[in-house]
Amino acid sequence: MTAHRTAARPAAGDACVCGRDTSVLADRPDGTVVRHGGTVAKAHAADTDLAGLAARLAVAAHPALDGVLLPPLAPDAVELDGRPVTFWPYGTPVDRDDPDAAPWEAAATLLAGLHRTPRSALPPDLPPMRGPAKAARALARLRAAGPHPAAAPVLRAWSVLPAWARDEAPAPDTRTLCHGDLHLGQLVRARDGAWLLIDVDDLGGGDPAWDLARPAAWFACGLLPPGEWTRFLTAYREAAGPAVPADSDPWPVLDVPARALAAQTAATAIVKSVAQERPLDEVELSVIDACDRMAAHPPELAGRYET
């Protein structure tokens with residue numbers, strides 16, 4: 001981080017909060033995020049598609065996404081120890097210890113704005129949204145983890161999904177700009193107090209219903225209270241989000257993506273429990289139970305999504 005300070009300096013007068021050392025915000029195999037004063041650096045995975053990352057950075061920097069996506073401090077990634085690094089202004093994340101203050105309306109409004117991005121603002125080489133690919137990788141890790149008593153219902157729920165949702169065929173709709181990994185951890189509050197979306201790693205063209213699928217899956221699994229789901233869905237519709245009908249049942253559209261996110265969440269939970277040598281907790285078991293119910297009732301509209 002220090003070696004690349006000149007690539008993206010924080011604003012003048014921005015006090016350094018960490019002395020000589022950087023503050024690690026996240027450290028995962030697919031990305032390491034550190035903060036130094038008002039600057040955040042993200043080291044992306046070593047196998048990142050550099051052309052795709054460049055196209056995603058261009059989208060985040062485009063004026064059409066002002067007020068929707070956090071813009072990068074530098075237009076291009078730099079290489080550090082074989083990994084591409086991007087630079088961003090620091091934003092205050094959602095307070096996980098205050099669930100009553102969760103910005104569901106802000107998340108939905110930003111998502112609707114993202115989905116309404118005109119095609120003229122998108123580079124011609126923008127890759128597909130990577131949501132199905134992330135879900136497929138989670139299921140691959142589940143299989144690689146070895147036999148587990150909770151894996152069977154998750155694998156069955158995954159197997160009945162249409163091919164595009166398993167990343168085995170092209171998505172039927174790639175015209176809409178999608179985030180690809182939407183959850184409340186992908187929001188930060190900027191200096192002016194406005195919420196913005198972050199993390200462009202999975203950004204791309206795809207089915208916008210995928211971006212609503214995680215809260216939809218949580219609601220279907222009983223993990224998101226009905227009131228919070230209603231707040232989210234209502235705000236998305238009021239902001240003219242195109243993923244769901246404005247005045248009719250949204251579930252024919254949300255069903256397949258929500259099932260895929262439930263399977264992804266359950267697979268990730270099992271893999272973590274194996275790695276940490278601990279039993280599954282109550283929340284994780286509730287998602288696996290939901291997968292068991294889903295496997296018994298395949299999506300009726302799967303053919304609607306096949307190409």
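Begin by selecting Glu-79, whose bridge partner in strand β5 is Pro-84. Before going further, note that this is a predicted model, in which local features need pLDDT of at least 70 and side-chain atom pairs count only at pLDDT 80 or more, while totals for chains, interfaces and linings use all residues. Residues are numbered from 1 along each chain as its sequence is written, and side-chain values use heavy atoms, with hydrogens and water left out.

**The sheet**

Widen the selection to β4 and β5, which pair in the antiparallel sense over three bridges; here two strands pair if DSSP finds at least two bridges between them, and the elements themselves are DSSP runs numbered from the N terminus, with helices (H or I) of at least four residues and strands (E) of at least two. In the hairpin that these strands form, two residues stand between them, and Asp-81 takes a positive phi near 55 degrees.

Now show the whole sheet, an open one in which five strands follow the order β1-β2-β3-β5-β4 with antiparallel pairing. Its edge strands are β1 (23–28) and β4 (78–80), each of which pairs on one side only, and from one strand to the next the twist averages 25 degrees. Strands of a sheet pair through backbone hydrogen bonds, either parallel or antiparallel.

At the β1 edge, select strand β2 (residues 31–36), which is joined to β1 by five bridges and runs antiparallel to it. Ala-26 stands opposite Val-33 in β2, and the hairpin of β1 and β2 has two residues between the strands.

Move next to strand β3 (residues 39–44) and strand β5 (residues 83–89), an antiparallel pair joined by five bridges. Two positions are worth labelling: Val-40 stands opposite Trp-88 in β5, and Lys-42 has Thr-86 as its bridge partner in β5. Strand β5 is mostly covered, since five of its seven residues are buried, where buried means under 20% relative accessible area, exposed over 50% and partly exposed in between (1.4 Å probe, protein chains only).

**The loop with Asp-173**

Leave the sheet and select Asp-173, in the loop between α4 (151–159) and β7 (176–178). Is this residue buried or exposed? Asp-173 is buried, because its relative accessible area is 17%. A polar atom of its side chain lies 3.0 Å from the backbone nitrogen of Arg-175. Not counting residues up to four places away in sequence, Asp-173 touches Gly-206, Asp-207 and Pro-208, a contact being heavy atoms within 4.5 Å.

**The empty spaces**

On a 1 Å grid over the protein atoms alone, a cavity is a set of points where a 1.4 Å probe fits but cannot get out, a pocket is an open set with protein on both sides within 12 Å along at least five of seven lines, and lining residues have an atom within 4 Å of a point. Grid points are joined across faces, edges and corners, and a volume is the space filled by probe spheres set on the points.

The second largest pocket holds about 240 Å³ of space, and among its 16 lining residues Pro-128, Met-129, Arg-130, Pro-132 and Asp-167 lie nearest its centre. Both α3 (131–144) and β10 (204–206) supply at least two residues of that lining.

Finish at the largest cavity, which has a volume of about 50 Å³ and whose lining includes Gly-131, Lys-134, Trp-210 and Gln-264. Two or more lining residues come from each of α3, α5 (209–220) and α7 (251–275), with α5 giving the largest share, three residues.

Technical notes
Axes are lines fitted to C-alpha atoms, for helices over the stretch in contact, and angles run from 0 to 180 degrees between N-to-C directions. A polar contact is a pair of N or O atoms within 3.5 Å; within protein, one must be able to donate a hydrogen and the other to accept it, and residues adjacent in sequence count only if both atoms are side-chain atoms.
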